[in-house]
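This report looks at enclosed space and at aromatic contacts in one protein model. Please keep the sequence and the structure at hand while reading.

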Amino acid sequence: MGKKKGGKRLSKKQVADALQGFFQASPNEAFSLKQIFKALRLDTHPLKMLAIDVMDEMTWDDYLSKTSDNHYRLNLKTQVQEGTFVRKANGKNSFLPDGGGTPIFVSERNSMYANNGDRVRVALMARRQNHIKEAMVTEILSHKMDQAVGTLKVEKDFAFLITEGNIFVHDILIPKKKLKGGKDGQKAVVRITQWPSKESKNMVGEVVDVLGEQGDNTVEMHAILAQYGLPYKYPKNVEEAAEKISADITPQDLEEREDFRQVFTCTIDPRDAKDFDDALSIRSLTTSESNKGGVYEVGVHIADVSHYVKEGSVIDREAVKRATSVYLVDRTIPMLPERLCNFICSLRPNEDKLCYSVIFVMDEAANIKSWHLAHTVIRSDRRYCYEEVQEILMNKKGDNADKLMMLDKMAKALRERRFKNGAVRFDREELHFDVDEKGHPTRCYFKKSNDATQLIEEFMLLANRTVAEYIGNPSGNKKGVKSKKTFVYRVHDQPDPQKLESLRQVVAPLGYKLKTSGTRGAISKSLNSLMESAQGKGEQKLIETVALRSMMKAKYSTHNIGHYGLAFDYYTHFTSPIRRYPDTMVHRLLTRYQNGGRSANQDHYEELCEQSSQMEQTAQFAERDSIKYKMVEFMGDYVGQKFDGHISGIQSYGIYVEIDENHCEGLVGMRDLDDDYYDYDERNYQLVGRRHHRKYRLGDPIRIQVARANVEKRQLDFIIADD
């Protein structure tokens, strides 16, 4: 029953809402019961008792804290947090606290019109019975983006930008004089000059770049980059600085380096690669011709980018901002200017090149006898693509077959040992497109790793791990530096325990076992055993997908926690400085410490690590969007046709299906599942029909028909095939 107050009746919810608003209006003050009753005009005994009950519940819920027997205040320690705002087109916005944690729901009325990615301060709202945890934005600390990309809509008296994916609450108004020649229907980049406020919910902006006509391939690729704030042009002053760098190798360079120009050396890369940043050399150290059980010297040679790109230079500053090369379907947006990445630094065949190298002495079983780190000069004898090497390894003949087969034998030994030590086995397929001269996709296919790709992978992993141990584990490595020094690590945390338990609950009814506690190695071996057991079975896709989702994301940090997925206690990125900035940082730090330098400033390098991790993720989003765009464009030629696929995702609004023959993914919307009303069972990754109890489950085979392919929205729609 509600309580009377001045002729009105107040429910418990109304009292709770009034108290919540009162404390949020003065988050830094403590109030006595007398002050609270007076401010809220709670002037009857029942209302006062109800308010005390509600405040006691709020205290128990950590929303309020008691400063004395009859004084309360907002619990700032737990109730005011800072983090990132995530905007969703369906209105289910959320707040991600700094340092991780569960996303917290933010309703539109409590969002202060924050945009996706904005840093915000929130107050957590009191959670009443049967209510989800909810937050209210109290301050926008900084905007993620000050520009947006979209389609111009130009009317007689005004213009505005329609953004893709509804990333803003409202379209951006553009004064006609700020259109920069942009016309109706064209794609454009707009800088926001006025943000939403209490006075006006609209944003105002000005066109900074007209990309061109919608549907043009280059325009669409540039729009994807601009959407994520990634550059699609190289600054003129940076390119000019690169043109001034001499490619000559001086006598002093040769004098200061180990010379490997007479040792067989090769690069192995994708067929269309231009930036060759790693090479392998091999030579026998045994005099016997048969060399059975012999010893070999294997060199992992990496382009010496830091020799040419000096810290703090204009090229270096641009590389810090980019942090990584971006690989879209039909083009690469390089981290470094083309003169450096494709010419001076690229380890092209029959050209002398400067490298930073890890030189191993090892037997045929890849047991390392000794190793050392050296600045070198090399001359690649041969440029191979993966397909050539795979054919040589399969047929056991071809150019330098004996050397490649020995490297493959060692790589297989390294790989076997790695999995035996607890590395997680995820062999993911990569989607690729062939495109014509206009950028239109003509073929869609996927690549799996093979012996050739694994050969390169294992030696790169070995070099990365070795140099990380050299710095990070001075006591356990005779060659290590004398004391622990600031370094850049590639770290990967253990799986999310809740997601791992969720995986166990999914596979248990299917007859599989999974360890979710114990040592790191025990859990990863159990994961590998689970995935091996599921190979070739109907539930394979389900298990692989849920297992992958339980994994944390790898990132860069000066604080080493090891790499769970690889089962390495120390790991870094040393092998790709042409396309990743952290590798350049690692080269500089290694050179510094080899020369006896003091430990570098950790805070500075941690900032660079955070920037690199963030840009890596942003680049991945752009790469996925370019794949999605080409996927929709490709499948536009197959509207009405039927394909076999499997369910690759389950959501409350429908099921995602991946076509088996080409890996293109589309959505069967809930409205098209019209034979029943389906409930979303999030815990078991399935939709369940209420009347007929039909289940659509993650990983299930399914036959679909291509219904619609909307390139503008990058949206591919399927319906269930009727045969």
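## Enclosed space

The largest cavity has a volume of about 40 Å³, where a cavity is a set of points, on a 1 Å grid over the protein atoms alone, at which a 1.4 Å probe fits but cannot get out, and a volume is the space filled by probe spheres set on the points, joined across faces, edges and corners. The model is predicted, so local features need pLDDT of at least 70 and side-chain atom pairs pLDDT 80 or more, while totals for chains, interfaces and linings use all residues. Residues are numbered from 1 along each chain as its sequence is written, and side-chain values use heavy atoms, without hydrogens and water.

Lining residues (an atom within 4 Å of a point) of the largest cavity are Leu230, Pro231, Arg322, Thr324, Val326, Ile333 and Met615.

## Aromatic pairs

Rings of Phe, Tyr and Trp (its six-membered ring) pair if their centres lie within 6.5 Å, and planes over 60 degrees apart count as edge-to-face; the count comes to 14 aromatic pairs. Phe22 and Phe23 form an edge-to-face pair, 5.3 Å centre to centre with 75° between the planes. Phe23 counts as buried (under 20% relative accessible area, 1.4 Å probe, protein chains only) because its relative accessibility is 0%.

Phe433 and Phe634 are also paired edge-to-face, at 6.5 Å and 70°. Phe433 lies in strand S25 (residues 430-435) and Phe634 in helix H18, so this pair ties together parts 201 residues apart in sequence; helices (H or I, at least four residues) and strands (E, at least two) are DSSP runs numbered from the N terminus.

Terms used:
1 Å grid on protein atoms, 1.4 Å probe; cavity = no way out; pocket = protein on both sides within 12 Å on 5 of 7 lines; lining within 4 Å. Phe/Tyr/Trp six-rings, centres within 6.5 Å; stacked < 30°, edge-to-face > 60°. Buried < 20%, exposed > 50% of the residue type's maximum accessible area, 1.4 Å probe, protein only.
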